[in-house]
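Dear colleague,

I am handing over the structure that I have been looking through, and below it you will find what came out of it. Please keep it open beside this message as you read.

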Amino acid sequence: MTAVGDRAGMTTTSSAHPDTVALEADLQEGFWADPPTLPARWLYDEAGSRLFDRITRLPEYYPTRSEARILRDRAGEIVDGSRTVVELGAGTSEKTRVLLDALVAGGGGALYVPVDISTEMLHETANTLAGEYPDLRVRPVVADITDLEPPLPGDPGTRLVLFLGGTIGNLTEDERDAFLRMLRRVAGPGDRIALGFDVRKSPERLVAAYDDAAGVTAEFDLNMLDVIARTVECTGLDRRDFRHDAVWNAAESRIEMWLRAVRDVRAWFPTLGREFTLAAGEGIRTEIARKFSGDELMAELGRIGFRDQVVWTDDAGDFGMVVAQVP
């Protein structure tokens, strides 16, 4: 498991490198499954993180704007006396600044802990925030946000753990249960968590948000193939053989992103000793994005032991945030 204080290294093709070992393990587990899958975290190298930042500014991608409205309207209630904010999957921390304003306004000793898998972007963001908030201590942590070990930085009972952007929807049912139980384990009594979630709406609007007209999301998705080719030894895996596809799975209440083969694919992974094949039209599922109601998430948090849940949505009801406390 990943300790909160550990730092991952830069991506390399060295077989001993942690990224290579981790990606090879994920390939072994998912690439030869039915359907082939790979965890969405491999979308977020430095290039992928920057592409996602562009996605959040696209006209079709409403979640970022809707969540930002909730953060602006409810910043004081969300922070609510916390002295440490731990943000999981922090990225550029752009939306978080309104909460940091409220955190710093609470007095000295405020601590912000951005946690992310992207080393370059994380430290760039930390340096920027240190300049913008001279009264705020910023302690960046490079880690897999789904596999943390206690203790979290900061004093127990004064921490707010953020998981924004609707990223909770990128987890399967089992993964989400394990993630929430991990949060329950690493947080201390009196700590609170705040989860942003996307609300179910028309499939047409949902698909457009994940398949924008400018093609930024397509480039974001295809970049995963570049990450694979750069990180592990392989031949025959060419992004030109794939296209991005976003579909609504009504039965699972989720958007699915796929890399769909436009022609037959035959790739070889020598360190794994395995061949990977896809027929034209078949695909690799790269991300899911589950859509919820507030009641569903509150019920899940209650079963795991969180209490005092409250849910807010933006005025249009497009996006929500649930805040709960560790007893």
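**Salt bridges and a helix contact**

With a relative accessibility of 27%, glutamate 296 counts as partly exposed, and I begin there in what is, please bear in mind, a predicted model. The side chain of glutamate 296 meets that of arginine 290 in a salt bridge, with 3.8 Å from N to O. Arginine 290, for its part, has a relative accessible area of 12% and is therefore buried, since the cut-off for buried is under 20%.

This pair does not stand by itself, for Glu296 and Arg290 belong to a network of salt bridges that also links Glu173, Arg176, Arg200 and Glu300. Some of these names come back when one turns to the packing of two helices, namely helix 6, which covers residues 173-186, and helix 9, which covers residues 294-304. Their axes lie 10 Å apart and the helices pack at an angle of about 55 degrees, which means that helix 6 is oblique to helix 9. The crossing of these two helices, helix 6 and helix 9, is right-handed.

Which residues make the contact? From helix 6 they are Glu173, Arg176, Asp177, Leu180, Arg181 and Arg184, while helix 9 contributes Glu300, Leu301 and Ile304. Sorted by character, the residues of this contact between helix 6 and helix 9 comprise six charged and three nonpolar ones, with no polar residue among them. Glu173, Arg176 and Glu300, which take part in this contact, are also members of the salt-bridge network described above.

Across the whole structure, the search finds 28 salt bridges, and two further examples may help you to find your way around. One of them joins the side chains of arginine 74 and glutamate 77, at 3.1 Å from N to O. Because arginine 74 and glutamate 77 are three residues apart in helix 3 (residues 62-79), about one helical turn separates them. Arginine 74, at 29% relative accessibility, counts as partly exposed, and glutamate 77, at 40% relative accessibility, likewise counts as partly exposed.

The other example is the salt bridge in which the side chains of arginine 254 and glutamate 256 meet, at 3.0 Å from N to O. Are these two residues, arginine 254 and glutamate 256, buried or exposed? Both arginine 254 and glutamate 256 are buried.

With best regards

Methods: Residues numbered from 1 in each chain as written. Predicted model: local features only at pLDDT ≥ 70, side-chain atom pairs only at ≥ 80, totals over all residues. Heavy atoms only, no water. Axes fitted to C-alpha atoms, helices over the stretch in contact; angles between N-to-C directions. Helix = DSSP H or I, 4+ residues; strand = E, 2+ residues; numbered from the N terminus. Parallel < 35°, antiparallel > 145°, perpendicular 65-115°, else oblique. Left-handed = near helix turned anticlockwise from the far one by under 90°. Contact = heavy atoms within 4.5 Å. Nonpolar A, V, L, I, M, F, W, Y, C, P; charged D, E, K, R; others polar. Salt bridge = Lys/Arg side-chain N within 4 Å of Asp/Glu carboxyl O. Buried < 20%, exposed > 50% of the residue type's maximum accessible area, 1.4 Å probe, protein only.
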